[in-house]
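Thanks for coming, everyone. I'll put the structure up now and walk through it. Keep the sequence in view as we go.

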Amino acid sequence: MEWKNENNRLKKTFTFKDFGEAFGFMTRVALLAEKMNHHPTWTNSWNTVSFELSTHDAGDVVTEKDRTLAEAIDRLAGPAATN
């Protein structure tokens, strides 16, 4: 599944085998987001992690920073995630 551009947000949900895999993924994303200084809006419920990406400094619209982060998140999710 691709990222959906909806209401000035890139949106996508990932599902993992269990909470441990989801939490590990979230940890990897957190470290990357901090390095990029671009932090996602996200939620987690057991094995599911959902994202909404937009650039707050640009007026809460989708920018290249969001697209770059989305691509990196996809790489971090790898084959363990289903969407």
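**Sheet, helices and loops**

Let's begin at one pair: in strand 4, Ser45 has Thr48 as its bridge partner. A word of caution before going on: this is a predicted model.

That pair belongs to the contact between strand 3, residues 41–45, and strand 4. The two strands run antiparallel, joined by five bridges. They form a hairpin with two residues between the strands. Look at Trp46, in the loop between strand 3 and strand 4. Its phi is positive, near 50 degrees, and Trp46 is not a glycine. For background, most residues other than glycine have a negative phi. Is Trp46 buried or exposed? Trp46 is exposed, because its relative accessible area is 52%, and the cut-off for exposed is over 50%.

Now the other side of strand 4. Strand 4 covers residues 48–53, and strand 2 pairs with strand 4 over six bridges, in the antiparallel sense. Let me read out some partners. Thr15 of the pairing stands opposite Thr48 in strand 4. Phe14 has Val49 as its bridge partner in strand 4. Thr13 is bridged to Ser50 of strand 4. So much for the register.

Next, the start of the chain. Strand 1, residues 4–5, pairs with strand 2, residues 10–15. The sense is antiparallel, and there are two bridges. One partner pair is Lys4 with Lys11, the latter in strand 2. Strand 1 and strand 2 make a hairpin too, with four residues between them. In that turn, Asn7 has a positive phi of about 55 degrees.

Put the pairings together. In what order do the four strands lie in the sheet? The order is 1-2-4-3, in an open sheet with antiparallel pairing. Strand 1 and strand 3 are the edge strands, each pairing on one side only.

Stay with strand 4 and look at its two faces. In a regular strand, side chains alternate between the two faces of the sheet. Here the covered face of strand 4 holds Val49, Phe51 and Leu53. The uncovered face holds Thr48, Ser50 and Glu52.

Take Phe51 from the covered face of strand 4. Phe51 counts as buried, because its relative accessibility is 3%, and buried means under 20%. What is Phe51 in contact with, leaving aside neighbours within four places in sequence? From the early part of the chain, the contacts include Trp3, Leu10, Lys11, Lys12 and Phe14. Phe25 and Val29 are among them as well. So are Pro40, Thr41 and Trp42, and also Ile73. One more distance for Phe51: Asn8 is 43 residues away in sequence, and the two C-alpha atoms are 13 Å apart.

On to the helices. Two packed helices are described by the angle between their axes and the distance between the axes. Helix 1 spans residues 19–36, and helix 2 spans residues 64–77. They pack at an angle of about 150 degrees, with axes 10 Å apart. Helix 1 and helix 2 are therefore roughly antiparallel to each other, the cut-off being over 145. Helix 1 passes helix 2 in a right-handed crossing.

Which residues make that contact? From helix 1, they are Phe25, Arg28, Val29, Leu32 and Met36. From helix 2, they are Lys65, Thr68, Leu69, Ala72, Ile73, Leu76 and Ala77. By type, the contact residues split into nine nonpolar, one polar and two charged. Note the overlap with the Phe51 list: Phe25, Val29 and Ile73 appear in that list and in the helix contact.

How does helix 2 sit on the sheet? Helix 2 lies across strand 2 and strand 4. Helix 2 runs at about 10 degrees to strand 2.

Two last spots. Asn37 is in the loop between helix 1 and strand 3. Its phi is positive, about 55 degrees, although Asn37 is not a glycine. Asn37 counts as exposed, because its relative accessibility is 54%.

Then Pro79, in the segment after helix 2. Pro79 is exposed, with a relative accessible area of 84%. Pro79 and Phe16 are 63 residues apart along the chain, and their C-alpha atoms are separated by 9.6 Å.

That's the tour. Over to you.

Note on methods
Residues are numbered from 1 along each chain as its sequence is written. This is a predicted model: local features need pLDDT of at least 70, side-chain atom pairs count only at pLDDT 80 or more; totals for chains, interfaces and linings use all residues. Side-chain values use heavy atoms; hydrogens and water are left out. Axes are lines fitted to C-alpha atoms, for helices over the stretch in contact, and angles run from 0 to 180 degrees between N-to-C directions. Angles under 35 degrees count as roughly parallel, over 145 as roughly antiparallel, 65 to 115 as roughly perpendicular and the rest as oblique. A crossing is left-handed if the near helix is turned anticlockwise from the far one by less than a right angle, and right-handed if clockwise. Contact means heavy atoms within 4.5 Å. Ala, Val, Leu, Ile, Met, Phe, Trp, Tyr, Cys and Pro count as nonpolar, Asp, Glu, Lys and Arg as charged, and the others, Gly among them, as polar. Two strands pair if DSSP finds at least two bridges between them. Buried means under 20% relative accessible area, exposed over 50%, partly exposed in between (1.4 Å probe, protein chains only).
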